[in-house]
Amino acid sequence: MNYQIDLTRFENKKIYPLGEDFRDTNKDGDQLAFNNYFLEKNGEPCFIISGEFHFSRMSDTRWEDELIKMKMCGLNVVATYVFWNHIEEEEGVFDFSGRRNLRKFVELCHKHGLYVIVRIGPFDHGEVRNGGLPDWLYGKPFDVRTTSEGFMHYTKRLYTEISQQLQGLFFKDNGPIIGVQLDNEYMASSAPWEMTTGISNEWIHGGHEGEEYPLKLRELALECGITPAFFTMTAWGSPVPDSIFPLWGCYAYMPWLFYSHSGEHPASKEYLYRDYHNNESPQESFKMRYPAESRPYACCEMGGGMMCSYYYRFQLPYKSVDAMANIQLASGCNFLGYYMFQGGSNPLGKHGAFLNEGQVPKISYDYQAALGEYGQIRESYSRLKSIHYFCRTFGKALCGMKTELPESASAVTPEDLSTLRFAVRTDGRSGFLFVDNFQDHRQMPARKNENITVRLPDEDLSFTFDIADDENAILPFHFDMQGIDLIRATAQPITVLDRSEGAIYVFMMPDGMTASFTFERGAVINETGCAEYIFPSGEISSFTVEKSGKTVNVMVISRELANKMFLIGEDALVFSDAAVMADNGDIRLESTENCLTLQCYPADYLARYHGCTRQEDCGVLGVYEAGVDKRELSCKVEQVGGSRFTVELPEGMMDGLKDVRLQIDYMGDIGHAFINGVMISDNFFNGATWEIGLREYEESLKAEKLTLYIAPLREGANVNVESTMAARIELADAYVGNLSSVRLQPVYEMKLSS
């Protein structure tokens, strides 16, 4: 098919500062300031990539490694909720110990060079009981989420306690906290009062006071010493005052559709390109209450995963996450924010109440996120690195580029699987062509021989390519490579390595696509006299392009190899299926395999590290092997009831291991795991393997067996109430609660010391 996009009438954006409410300077003189299009650091564009990580939903012993994994994926900001009922479950008793240690979490972010956005509520939601409000607020003589004197009294007390934990950690103090979010989804969303669920099903007050309420919260926060560079609010449905920064979200998998209804999930509009930074663009999902061009288009809740709810069980297609990032970038976003990026587990309530809301598991909040509940690396994590490294390396140029859409864009619907979806970010001459071939709840076809003509004022550029189903791509045109013009390429730029022998540009070939490069006239590739290059078959290729005494090196890698790639510093790459964590000069590898093959560039890079052995090199990549002794672990399972089982774990199970994951395959409704009657994990059955990290329970499991209970699926269930007495009994045609397998998966860590 032939398509075109017309840039001949391109007009640049008008960029201007947003003012004192969105500017701050630290003690070293570094300045952060928003203009109406992007964040600036010391006057230069700063591209934000944020990921949600709820500190109280994970053991504090795991925090640091998970933060390093986020940084290794290219994130530079961590967002976290402070759930009120996690820290003040009992009225007047605040608990910031252990997994609730907010200060320790923020300090770890600072240690690893990550900025922080703290989401302080008072109402958060996040699938937490009462949206995060403590139960004891229910009977108080005032409505919550209002400026009533009573609710403001308790909110001020909450903010004061949070402020005490965060003193000295704000950006102005040389700390990492740049933003603070106030009440979440105000006047747009609420949550049930969980103590009434199943009886009267009361809902928490959603708010009705317009801008008065968030402005009062902002005033209260400042009064309590909460002083970030900027305050934020979720903008969907909410009235956002001029002094508060609006943040957006986009979810394609929406379990809440099924809280009260059944049927098929519709295909969403989230994989259609739009221009969200344009006053004239028609608004569909987004109903902005301000001129779109007066604020940056920024996200805090892009679907980085999604939980299963009781009535909607599904396995998230992990390719949906980087496809979402591609769509948002092309649609004008200069501030990516994922919810969630790191999964977690809810703490247990102190008085028997579970702290999640009723439609989701009581403990688990894995969220099918890029990093799982126990640190598992998901395919979405691996794929996102290429986009994040791209934003990190080329974000300064991208931030100032405007979105341009083809005329056909507005006519494309989610159900249209035949029309190619594409958009451009451009400065009028150079830019990036974005292509997406993913649609939620539909199967897109692989595409062959697609052609897009980009019409510029003085030339037409033609891109011809194939692309696999569910794949997406970012293709450059008039891309400046240190003074040499790459006119166009059917390959995605990832990063630039700063090597003493010269810069090395790294490109990725999206699945289904053949990478080709066309340089300006006079450029010479590999001394052949040719200005065009086509990637040969294989995982990696490299070439050199020269012009007028300038030389640039180029490396092209396959999508498969790109998914294994980790950027180390500014000048080296390590390729591995393991989680690679560069930390304090060393490299740690976390894997479920005890023997790892590593590749690196330059080929001798890992030779400086102890703990790995060099093997035969593969082209320009060095090949190394690292390993530890293999552990064979088994457990004894005994059925002790209809669908109840005990699991006896071996002595010394954790010896020499970083963790052990209990992997459970079953058929049923809900899986529950207990130690001595205390629930440690639960799982809504969706066909995937249920995993439980056992590291935190090592001591308890020395004395107790683990008990599994599979709540059965009930076919044809009904409750018989025909008795004249107060007697009820559930009857069903069949109960399905089968345990297929239980196994132990060792998690190894290998350290490469420099």
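This is a short walk through selected strands, helices and charged pairs of the structure above.

Please keep in mind that we are looking at a predicted model.

Let me begin at the N terminus, with strand β1. It covers residues 2-6. The side chains alternate along it. Tyr3 and Ile5 point to one face, and those two are buried. Asn2, Gln4 and Asp6 point to the other face and are not buried. Now, which strand does β1 pair with? The partner is β19, residues 447-456. The pairing is parallel and runs over five bridges. To find it on screen, go to Gln4: Thr453 of β19 stands opposite.

Next, helix α1, residues 63-72. Is this helix largely enclosed or largely open? Largely enclosed by the rest of the structure, because eight of its ten residues are buried. The buried set is Trp63, Asp65, Glu66, Leu67, Ile68, Lys69, Met70 and Met72. Note the charged residues in that set, including Asp65, Glu66 and Lys69. I will come back to those three. Just past the helix, Gly74 has a positive phi of about 100 degrees.

Now to β12, residues 299-303. Five of its five residues are buried, so this strand too is largely enclosed by the rest of the structure. It has a parallel pairing with β11, residues 245-250, over three bridges. There, Gly249 has Glu301 of β12 as its bridge partner. β12 also pairs with β13, residues 335-339. That pairing is parallel as well, over two bridges. Look for Met302, whose bridge partner in β13 is Tyr338.

A quick stop at Ala423, in strand β17, residues 421-426. Its relative accessibility is 0%, so Ala423 counts as buried. Ala409 sits 14 residues away along the chain, and the two C-alpha atoms are 8.3 Å apart.

On to the open sheet. How many strands does it have? Five, in the order β23-β24-β29-β28-β26, and the pairing is mixed. At the edges are β23, residues 492-499, and β26, residues 524-525; each of these pairs on one side only. A general reminder here: strands of a sheet pair through backbone hydrogen bonds, either parallel or antiparallel. Between β26 and β28, residues 540-547, the sense is antiparallel, with two bridges. Val524 faces Glu546 of β28 across that pairing.

Now the salt bridges. The structure holds 49 of them. I picked three.

Pair one is Glu88 with Arg157, at 2.3 Å from N to O. Glu88 is in the loop between α2 and α3, while Arg157 is in helix α4, so the bridge ties together parts 69 residues apart in sequence. Are the two ends buried or exposed? Glu88 counts as buried, at 0% relative accessibility. Arg157 is partly exposed, at 24%.

Pair two is Glu570 with Arg392, at 2.5 Å, N to O. The glutamate lies in the loop between β30 and β31 and the arginine in helix α7, so this pair links parts that are 178 residues apart in sequence. Glu570 is partly exposed at 46% relative accessibility. Arg392 is partly exposed too, at 43%.

Pair three takes us back to the open sheet. Glu520 meets Lys547 at 2.8 Å, N to O. Glu520 is in the loop between β25 and β26, and Lys547 is in strand β28, so the tie spans 27 residues of sequence. Glu520 is buried, with a relative accessible area of 16%. Lys547 counts as partly exposed, at 23%.

Then there is a network. Salt bridges with shared partners join Asp65, Glu66, Lys69, Asp583, Arg588, Glu590, Lys658, Arg661 and Glu749. Here are the three charged residues from α1 again: Asp65, Glu66 and Lys69 are in this network, and they are among the buried residues of that helix.

Last item: the surface. Which residues gather in a patch of negative charge? Asp469, Asp511, Glu539, Glu560, Asp577 and Glu593. Take Asp469 as the example. It sits in the loop between β20, residues 459-467, and β21, residues 472-481. Asp469 has 31% relative accessibility, so it counts as partly exposed.

That is the tour. I am happy to take questions.

Technical notes:
Residues are numbered from 1 along each chain as its sequence is written. This is a predicted model: local features need pLDDT of at least 70, side-chain atom pairs count only at pLDDT 80 or more; totals for chains, interfaces and linings use all residues. Side-chain values use heavy atoms; hydrogens and water are left out. Patches are made of residues with over 30% relative accessible area and no salt bridge: like charges are joined within 9 Å, nonpolar side chains (Val, Leu, Ile, Met, Phe, Trp, Tyr) within 5 Å. Accessible areas come from the Shrake-Rupley method with a 1.4 Å probe; for residues, only the protein chains shown count as cover. A salt bridge is a side-chain nitrogen of Lys or Arg within 4 Å of a carboxyl oxygen of Asp or Glu. Lys and Arg count as positive and Asp and Glu as negative; His and the chain ends are not counted. The place of a charge is taken as NZ of Lys, CZ of Arg, CG of Asp or CD of Glu. Helices (H or I, at least four residues) and strands (E, at least two) are DSSP runs, numbered from the N terminus. Buried means under 20% relative accessible area, exposed over 50%, partly exposed in between (1.4 Å probe, protein chains only). Two strands pair if DSSP finds at least two bridges between them.
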